[in-house]
Amino acid sequence: ENALKTALDLLPNNTYILMELAVAYALQDEDESAIEILKQVIELAEDEETLAEAHLRLGIAYDTIGNETLATVELEILRGLDEDRARVLEEIMETGG
């Protein structure tokens with residue numbers, strides 16, 4: 001996590017580094033921090049692949065904290081971006097994370 005933060009200081013708008021930092025937060029059960037980082041990735045994403053992956057991870061994070069409403073919003077966004085990722089999120093939501 002510290003190395004990612006250092007890299008982010010050097011490249012503050014790098015979506016790859018931001019995504020990795022969000023994953024690190026999620027793995028440490030710091031879901032609110034992961035959510036904030038993923039929102040940044042969505043704002044900065046320059047390609048559909050990154051955008052779809054960020055929406056998937058954001059939907060998972062919302063599901064993890066029990067916010068079914070926002071997880072469903074992310075699912076609907078994913079259906080328009082990447083049906084495969086939408087199916088993954090839907091499965092996670094159905095099985096309770």
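**Close-up views of a predicted helical model**

**Figure 1. Cover and ends of helix H4.** The buried residues of H4 are covered by parts that include H2, H3, H5 and H6. This is a predicted model. The residues of H4 that count as buried are Thr50, Ala52, Glu53, Ala54, His55, Leu56, Leu58, Gly59, Ala61, Tyr62 and Asp63. H4 has 17 residues, which should span 24 Å at 1.5 Å a residue, and the distance of 24 Å between its end C-alpha atoms agrees with this. The N-terminal end of H4 is capped by Asp47, with a side-chain oxygen 3.2 Å from the backbone nitrogen of Glu49. Just after H4 comes Gly66, with a positive phi of about 85°.

**Figure 2. Helix H2 and its surroundings.** Helix H2 covers residues 15-27. From the first C-alpha to the last, its 13 residues reach 18 Å, close to the 18 Å expected at 1.5 Å a residue. Buried positions in H2 are Thr15, Ile17, Leu18, Met19, Leu21, Ala22, Ala24 and Tyr25. Their cover includes helix H1 (2-10), H3 and H4. At the start of H2, Asn14 places a side-chain oxygen within 2.9 Å of the backbone nitrogen of Tyr16.

**Figure 3. Asp29, after helix H2.** Asp29 follows H2 and is found in the loop between H2 and H3. Although Asp29 is not a glycine, its phi is positive, at about 60°. The relative accessible area of Asp29 is 64%, so the residue counts as exposed.

**Figure 4. Ala34 in helix H3.** Ala34 has its place in helix H3. This residue is buried, because its relative accessibility is 1%, and the cut-off for buried is under 20%. Leaving aside residues up to four places away in sequence, Ala34 touches Ala22, Tyr25 and Ala26. Of these contacts, Ala22 and Tyr25 are among the buried residues of H2. Ala34 and Leu58 lie 24 residues apart in sequence, with their C-alpha atoms 8.0 Å apart in space. Leu58 is one of the buried residues of H4.

**Figure 5. Salt bridge within helix H3.** Lys39 and Glu36 form a salt bridge in which the closest N and O atoms are 3.5 Å apart. Both residues lie in helix H3 (residues 31-44), three residues apart, or about one turn of the helix. Lys39 has a relative accessible area of 35% and is therefore partly exposed. Glu36 is also partly exposed, at 42% relative accessibility.

**Figure 6. Salt bridge between helices H4 and H6.** A salt bridge joins the side chains of Glu49 and Arg85, at 2.7 Å from N to O. Glu49 belongs to helix H4 (residues 48-64) and Arg85 to helix H6 (residues 83-95), so the pair ties together parts that are 36 residues apart in sequence. Arg85 is buried, because its relative accessible area is 13%. The contacts of Arg85, not counting residues up to four places away in sequence, are Glu49, Ala52, Glu53, Leu56 and Leu78. Among these contacts, Ala52, Glu53 and Leu56 are buried residues of H4.

**Figure 7. A network of salt bridges.** Glu49, Glu53, Arg57, Asp82 and Arg85 are linked by salt bridges into a network. One of the links in view is the bridge between Glu49 and Arg85. Of the network residues, Glu53 is buried in H4, and Arg85 is found in helix H6. In total, the count of salt bridges comes to nine.

**Figure 8. Salt bridge within helix H6.** Arg87 and Asp84 form a salt bridge, with 2.3 Å between the closest N and O atoms. The two residues are three apart in helix H6, so about one helical turn separates them. Arg87 counts as partly exposed because its relative accessibility is 44%.

**Figure 9. Nonpolar surface patch with Leu70.** Leu70, Val73 and Ile77 make a nonpolar surface patch of about 200 Å². Leu70 has its place in helix H5 (residues 68-81). With a relative accessibility of 32%, Leu70 counts as partly exposed. Leu70 can therefore be part of a patch, since patch residues need over 30% relative accessible area.

Terms used. Residues are numbered from 1 along each chain as its sequence is written. This is a predicted model: local features need pLDDT of at least 70, side-chain atom pairs count only at pLDDT 80 or more; totals for chains, interfaces and linings use all residues. Side-chain values use heavy atoms; hydrogens and water are left out. Patches are made of residues with over 30% relative accessible area and no salt bridge: like charges are joined within 9 Å, nonpolar side chains (Val, Leu, Ile, Met, Phe, Trp, Tyr) within 5 Å. Accessible areas come from the Shrake-Rupley method with a 1.4 Å probe; for residues, only the protein chains shown count as cover. A salt bridge is a side-chain nitrogen of Lys or Arg within 4 Å of a carboxyl oxygen of Asp or Glu. Helices (H or I, at least four residues) and strands (E, at least two) are DSSP runs, numbered from the N terminus. Buried means under 20% relative accessible area, exposed over 50%, partly exposed in between (1.4 Å probe, protein chains only). The expected span of a helix is 1.5 Å times one less than its number of residues. Contact means heavy atoms within 4.5 Å. A polar contact is a pair of N or O atoms within 3.5 Å; within protein, one must be able to donate a hydrogen and the other to accept it, and residues adjacent in sequence count only if both atoms are side-chain atoms.
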